[in-house]
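Visitor: I'd like to learn how the labels on a model like this one are earned. Could you walk me through the reasoning?
Guide: Gladly! Let's have a look together.

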Amino acid sequence: MIIKKSIDELIGETPILELPTVRSDWKIYLKLEYFNPGGSFKDRTARSLITSAEQSGKLKKGMEIFESSSGNTAKALAMLSATRGYKFTAIVDKHAPADKLRSIKAYGGELYFCSEEEDPKGGHLVDVRRKTAKRLAEERGGINLDQYDNPENPKGYYNTLGKEIFEQVPDSDYLIGTIGTGSSLSGSGRYIKEHGKTKIIAIEPKGSSHFSPRGHGYFISGPGYPAGAILPKNIDISFFDKHDYVDDKEAFNTMRFFAEQKGLLVGDSSGMILYYAMKFIKNEPVTDKIKKIVLIIGDSGESYLTHAFNDDWMIEKELLDKNINKELSDFYI
């Protein structure tokens, strides 16, 4: 047994799980990123951003880190700040899942809530959060690591997640992931593209605006970007071969199905790609050659207990759909 000596050493090298389906000509592999110590692939983001800032001399012991995040990145930064001797403040808004906020505080992080009123020009909340994080860092002598535009974010995924996926499934035909800041799929996709022939499929919530200026509201809280907001520079669509959308109802009912029927408690981004993978494969013709598809399971469903796994919330939002459950049970065996 290899003994680890720090939380950092527990990040990465996450397992791959094969998922059986009715299609014998396809193999689905799940890259289970919730096995990271902080429960998501954003642990990789936090480690990359903090380490590069330390090495550059911009981040020193005792400093305070300020970061805009809807949850997982902030949670990961709070965890690593606790181990490396930094103060951490997450810049959040009313849309952040309550379970993630509790996790941030459990690691000793602070929460700064901001609203549209803080921007006299009426900017989007995500843009307000980003501006607020930069302002607070300047005012208080701290640092804003800027997960959205910092090139160290996708670079961290290139060297870890992308490399791991390629080594675990070197002959995969497709890699499917979701996009928020764009770093995980752009970074890992770049590595896989440079070393193999895998095609990359990017999925975002229906209503998001990465690929379309016209969007609308949605409840999915991890991936996606609101229409009109400033898109992150870390999104590199040149590595994507295809993009598509999954809506709230499809994502949330898929999350519930996999928890209840497969014992897999996954987050909303995973619900999206598990549903999409089914739809994608069902539309593909049957062949003699077995094709392989890898899905990035970004985080655990433990951060979504108050909404996606809450019957009352699902009923209130009119999101429960037994037809989706039947569709999934006919495909995933």
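**Rings, pockets and backbone**

Guide: A search of the whole structure, which is a predicted model, finds 14 aromatic pairs.

Visitor: What makes the pair of Y158 and Y191 edge-to-face?
Guide: The ring centres of Y158 and Y191 are 5.1 Å apart, and a pair needs centres within 6.5 Å. Their planes stand at 70 degrees, and planes over 60 degrees apart count as edge-to-face. The pair of Y158 and Y191 is therefore edge-to-face.

Visitor: Why do you say that this pair ties parts of the chain together?
Guide: Y158 belongs to helix α5 (residues 152-168) and Y191 to helix α6 (residues 183-195). These parts are 33 residues apart in sequence, so the ring pair ties them together.

Visitor: How do you know whether Y158 is buried or exposed?
Guide: Its relative accessibility is 16%, and buried means under 20%. Y158 therefore counts as buried. The same cut-off of 20% serves for Y191, which has 11% relative accessibility and so counts as buried.

Visitor: What makes you say that a charge sits over the ring of Y158?
Guide: The charged end of R190 is 4.8 Å from the centre of that ring, and the distance limit is 6 Å. There is an angle condition as well, within 35 degrees of the ring normal; R190 is listed as sitting over the ring of Y158. K61 lies over the face of Y86, at 5.9 Å from the ring centre.

Visitor: Which residues do ring pairs link into a cluster?
Guide: That cluster consists of W26, Y174, Y276 and F280.

Visitor: Which residues line the second largest pocket?
Guide: Y158 and R190 turn up again here, in a lining that also has P151, P154, K155, S186, G187, K233, N234, D236 and F239. Helices α5 and α6 each give at least two residues to this lining. The pocket has a volume of about 160 Å³.

Visitor: How does that lining divide by class?
Guide: It has four nonpolar, three polar and four charged residues. Gly counts as polar and Tyr as nonpolar, so G187 goes with the polar residues and Y158 with the nonpolar ones.

Visitor: How many cavities of 30 Å³ or more are there?
Guide: The count is one. The largest cavity has a volume of about 40 Å³. Its lining is made of F41, G177, T178, S184, L185, S269, I296 and G298. Strand β7 (174-178) and helix α6 are the elements that give two or more residues to this lining. By class, the lining has three nonpolar, five polar and no charged residues.

Visitor: Why is G177 called buried?
Guide: G177 has a relative accessible area of 1%, and the cut-off for buried is under 20%, so G177 is buried. This residue is found in strand β7. Its C-alpha atom is separated by 8.0 Å from that of S269, 92 residues apart along the chain.

Visitor: Why is P37 called partly exposed?
Guide: Its relative accessible area is 28%. Buried would need under 20% and exposed over 50%, so P37 falls in between and is partly exposed. P37 is found in the loop between β2 (26-32) and α1 (42-56). The C-alpha atoms of P37 and I220, 183 residues apart along the chain, are separated by 23 Å.

Visitor: What is the phi of E13, and where does the residue lie?
Guide: Phi of E13 is positive, about 55 degrees, although E13 is not a glycine. The residue is in the segment before β1 (16-19). With a relative accessible area of 65% against a cut-off of over 50%, E13 is exposed.
Guide: E318 also has a positive phi, near 55 degrees, and is a residue other than glycine. E318 lies in the loop between α9 (311-316) and α10 (322-329). Its relative accessible area is 64%, so E318 is exposed.

Visitor: How do you know whether the chain agrees with a compact globule?
Guide: With 333 residues, a compact globule would have a radius of gyration near 20 Å, and the chain has 19 Å, which agrees. The C-alpha atoms fill a box of roughly 60 × 45 × 35 Å along the principal axes. Of the 333 residues, 57% count as buried. The chain has 10 helices and 10 strands.

How values were computed. Residues are numbered from 1 along each chain as its sequence is written. This is a predicted model: local features need pLDDT of at least 70, side-chain atom pairs count only at pLDDT 80 or more; totals for chains, interfaces and linings use all residues. Side-chain values use heavy atoms; hydrogens and water are left out. Rings of Phe, Tyr and Trp (its six-membered ring) pair if their centres lie within 6.5 Å; planes under 30 degrees apart count as stacked, over 60 as edge-to-face and the rest as tilted. Helices (H or I, at least four residues) and strands (E, at least two) are DSSP runs, numbered from the N terminus. Buried means under 20% relative accessible area, exposed over 50%, partly exposed in between (1.4 Å probe, protein chains only). On a 1 Å grid over the protein atoms alone, a cavity is a set of points where a 1.4 Å probe fits but cannot get out, and a pocket is an open set with protein on both sides within 12 Å along at least five of seven lines; lining residues have an atom within 4 Å of a point. Grid points are joined across faces, edges and corners, and a volume is the space filled by probe spheres set on the points. The radius of gyration is taken over C-alpha atoms; the globule rule is 2.2 Å times the number of residues to the power 0.38.
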